[in-house]
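User: Please take a close look at one part of this model and tell me what surrounds it. Then work outwards until the rest of the chain is in view. Keep it brisk, and give the cut-offs as you go.

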Amino acid sequence: SCIIRMATPGLSRDDLEVSLSEGKLSISYEREETKNSNFRFQKAFRQSWTLGDAFDEEKITANYSDGVLTVEVPRIEIN
């Protein structure tokens, strides 16, 4: 298995998006905040990994605990 761990202090599980599209696993976050009528702040990040044929996209799992996102991408079992 391939295990991806990402520390995300100050974020909740609902703030993060984990997606899989065309063999690419992406983890992203985006938030726009308005402090007052003159200032807007945007916070964002995105990290992506291209999965090869050796990984089983159907069995990917994600867990979020204590500010750490853990995504496990199992390898395809060949018998």
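Analyst: **A close look, from one side chain outwards**

Neighbours within four places in sequence aside, Leu-20 is in contact with Leu-25, Leu-51, Glu-57 and Ile-60. Contact here means heavy atoms within 4.5 Å. The model is predicted, so local features need pLDDT of at least 70 and side-chain atom pairs count only at pLDDT 80 or more, while totals for chains, interfaces and linings use all residues. Residues are numbered from 1 along each chain as its sequence is written, and side-chain values use heavy atoms, with hydrogens and water left out.

Leu-20 belongs to strand β2. Strands are DSSP runs of E with at least two residues, and helices are runs of H or I with at least four; both are numbered from the N terminus. Leu-20 is partly exposed, because its relative accessibility is 35%. The scale has three classes: buried is under 20% relative accessible area, exposed is over 50%, and partly exposed is in between, with a 1.4 Å probe and protein chains only. Thr-50 is 30 residues away from Leu-20 along the chain, yet the two C-alpha atoms are separated by 9.6 Å.

Next comes the sheet. Three strands form an open sheet in the order β2-β3-β4, and their pairing is antiparallel. Its edge strands are β2 (16-21) and β4 (39-50), each pairing on one side only. From one strand to the next, the twist averages 20°. Axes are lines fitted to C-alpha atoms, and the angles run from 0 to 180 degrees between N-to-C directions. Two strands count as paired if DSSP finds at least two bridges between them.

β3 and β4 share twelve bridges in the antiparallel sense. They make a hairpin with two residues between them. Thr-50 of β4 is the bridge partner of Lys-24. Ser-26 stands opposite Ser-48 in β4.

Ser-26 deserves a stop. It lies in strand β3. Ser-26 is buried, because its relative accessible area is 7%. Its side chain makes a polar contact with the side chain of Ser-48 at 2.8 Å. A polar contact is a pair of N or O atoms within 3.5 Å; within protein, one must be able to donate a hydrogen and the other to accept it, and residues adjacent in sequence count only if both atoms are side-chain atoms. Beyond four places in sequence, Ser-26 is in contact with Glu-17, Val-18, Ser-19, Arg-46, Gln-47 and Ser-48.

Now the core. The largest nonpolar core has 13 residues, and those with the most contacts inside it are Leu-16, Leu-25, Ile-27, Leu-69, Val-71 and Val-73. At least two of its residues come from each of β1 (2-7), β3 (24-36) and β6 (68-73). A nonpolar core is a set of buried Ala, Val, Leu, Ile, Met, Phe, Trp, Tyr and Cys residues joined through side-chain atoms within 4.5 Å. Not counting residues up to four places away, Ile-27 touches Ile-4, Met-6, Glu-17, Val-18, Phe-45, Arg-46, Gln-47, Trp-49, Leu-69 and Val-71.

Val-71 leads to another strand pair. In β6, Val-71 stands opposite Ala-62. β5 (residues 61-65) and β6 run antiparallel, joined by five bridges. Their hairpin has two residues between the strands, and Asp-66 there takes a positive phi near 55°.

Two more sites fill in the picture. Asp-56 is in the loop between β4 and β5. Asp-56 counts as buried, because its relative accessibility is 18%. Past four places in sequence, Asp-56 is in contact with Pro-74, Arg-75 and Ile-76. Arg-40 sits in strand β4. Arg-40 is exposed, with a relative accessible area of 61%. With the same four-place exclusion, Arg-40 is in contact with Glu-32, Glu-33 and Thr-34.

Last, the whole chain. The protein chain has zero helices and six strands. Its radius of gyration is 16 Å, well over the 12 Å that the globule rule gives for 79 residues, so the chain is more spread out than a compact globule. That radius is taken over C-alpha atoms, and the rule is 2.2 Å times the number of residues to the power 0.38. The C-alpha trace spans about 60 × 25 × 15 Å along its principal axes. Of the 79 residues, 27% are buried. Among contacts between residues at least 6 apart in sequence, 42% join residues at least 24 apart.
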